[in-house]
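Me: I would like to learn how to read the contacts between a protein and DNA, taking one strand at a time. Could you walk me through it with an example?

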2 protein chains.
Amino acid sequence: MGKIEEAIQQKEFKDPFNKAVVNLLYTHSYLVTAQNGLFKPYDISPEQYNVLRILRGQNGNPTTVSSIQDRMLNKMSNASRLVEKLKLKGWVKRTECTSDRRQVDVLITDEGLELLQTLERLVEESNVRVVNLSQEEAVQLNELLDKLRG
Amino acid sequence: MGKIEEAIQQKEFKDPFNKAVVNLLYTHSYLVTAQNGLFKPYDISPEQYNVLRILRGQNGNPTTVSSIQDRMLNKMSNASRLVEKLKLKGWVKRTECTSDRRQVDVLITDEGLELLQTLERLVEESNVRVVNLSQEEAVQLNELLDKLRG
DNA sequence: ACCAAATAGATGTATAGACATCAAATGTAA
DNA sequence: TTACATTTGATGTCTATACATCTATTTGGT
């Protein structure tokens, strides 16, 4: 049984809201653990993968660091450093923006696109396996999560 | 609107399962950001707070490091180092276990209990505010999360 | 009793999150 | 134009996660 009370050996919660917060934190750890194994062989982290996805979403147009930051799952993460690591591995290019020299244009390379394609299939397949819900339940979960933050 | 598509500016997802994974990662960041602000003034992190809660759950009985680890929300975290930090701040005591000298007995101090009491009220109130769901929806979310990991 | 395997916990290293601060470039108003 | 505020991105520091490795015990088989 996967009940949260057993998983963390806590008998009861103050109310369903507090239980939901703990349950979300625990489920997050469950998901992240599953993903880490996937990424390990490719020398890339889930966060770096996410940046590559954002860059590809631009269809060949360069993106600034702050624009990447805005689209990241974690708004507090540090896009600047993630881009630097991706550059060192040859998956993105960084060029000075001519119209505003404060900004930096970030562009995914062909190698980055290739890696992304490989990884994306693995991630998509893994996510379907890892989420032990029916299609309807998954839709319902999405609705609840969207509302939760509302 | 709090829809995940707008929050991270992604038009569509492969399927509801993949969307749910992204939605969970994003919602986790939303929750953690809310919690961080709460803990800041008390010189304690959410993870350290969680360890104190586990220790108090033992009703005065000491707990070993590995037992703490088993009950943590994140099974991959490092209970040993968190205990060390709590000890430096005087919130836990660490004594060698006489029956098995590999083990370490960890016990929450009176100062730790006092801090915990203050924090717990704040956290519980904050969680109710932060989870923008009805009671029924929160129950439903808990059921879906438990099943998701099943 | 002896030795190998298992266990508990500490520690080393890399990555990322949280947040403050800094420098450079740009915008704006007197 | 000059002075000041704002924006962009880089960087510094602390904390935590992820995972490998190490030491000190304890256990279990022979």
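Me: Which residues are the closest to DNA strand D, and how many residues surround DNA strand D?

Reply: A residue is counted as near a strand if one of its heavy atoms lies within 4 Å of it. In this predicted model, 26 residues surround DNA strand D, and the closest are A:S66, A:S80, A:R81, B:S45 and B:M76. Of the atoms of DNA strand D that come within 4 Å of the protein, sugar and phosphate account for 78%.

Me: Which polar atoms lie at a short list of distances from a phosphate oxygen of DNA strand D, for example in A:S80?

Reply: The general idea is to look for a pair of N or O atoms within 3.5 Å, and then to ask whether the protein atom belongs to the backbone or to a side chain. For A:S66 a polar backbone atom is 2.7 Å from a phosphate oxygen of DNA strand D, whereas for A:S80 an N or O atom in the side chain is 2.3 Å from a phosphate oxygen of that strand. From the other chain, B:K85 places an N or O atom of its side chain 2.9 Å from a phosphate oxygen of DNA strand D.

Me: Which elements give two or more residues to the surface near DNA strand D?

Reply: Here one moves from single residues to elements. Chain A contributes with helix 2 (16–39), helix 4 (65–71) and helix 5, and chain B with helix 3 (46–56) and helix 5. Helix 5 of chain B gives the most, with three residues. By class, the residues of this surface near DNA strand D divide into five nonpolar, 11 polar and 10 charged.

Me: Which residues come nearest to DNA strand C?

Reply: The reading is done in the same order. Of the 26 residues around DNA strand C, those that come nearest are A:S45, A:M76, B:S66, B:S80 and B:R81, and sugar and phosphate make up 79% of the atoms of DNA strand C that come within 4 Å of the protein. A polar side-chain atom of B:S80 lies 2.2 Å from a phosphate oxygen of DNA strand C, and the side chain of A:N74 has an N or O atom 2.8 Å from a phosphate oxygen of this strand. With B:V65, by contrast, a backbone N or O atom lies 3.3 Å from a phosphate oxygen of DNA strand C.

Me: Which element gives the most to the surface near DNA strand C?

Reply: That is helix 5 of chain A, with three residues. The surface near DNA strand C has five nonpolar, 11 polar and 10 charged residues.

Methods: Residues numbered from 1 in each chain as written. Chains lettered and ligands numbered in written order. Predicted model: local features only at pLDDT ≥ 70, side-chain atom pairs only at ≥ 80, totals over all residues. Heavy atoms only, no water. Polar contact = N/O pair within 3.5 Å; in protein donor to acceptor, adjacent residues only side chain to side chain. Helix = DSSP H or I, 4+ residues; strand = E, 2+ residues; numbered from the N terminus. Nonpolar A, V, L, I, M, F, W, Y, C, P; charged D, E, K, R; others polar.
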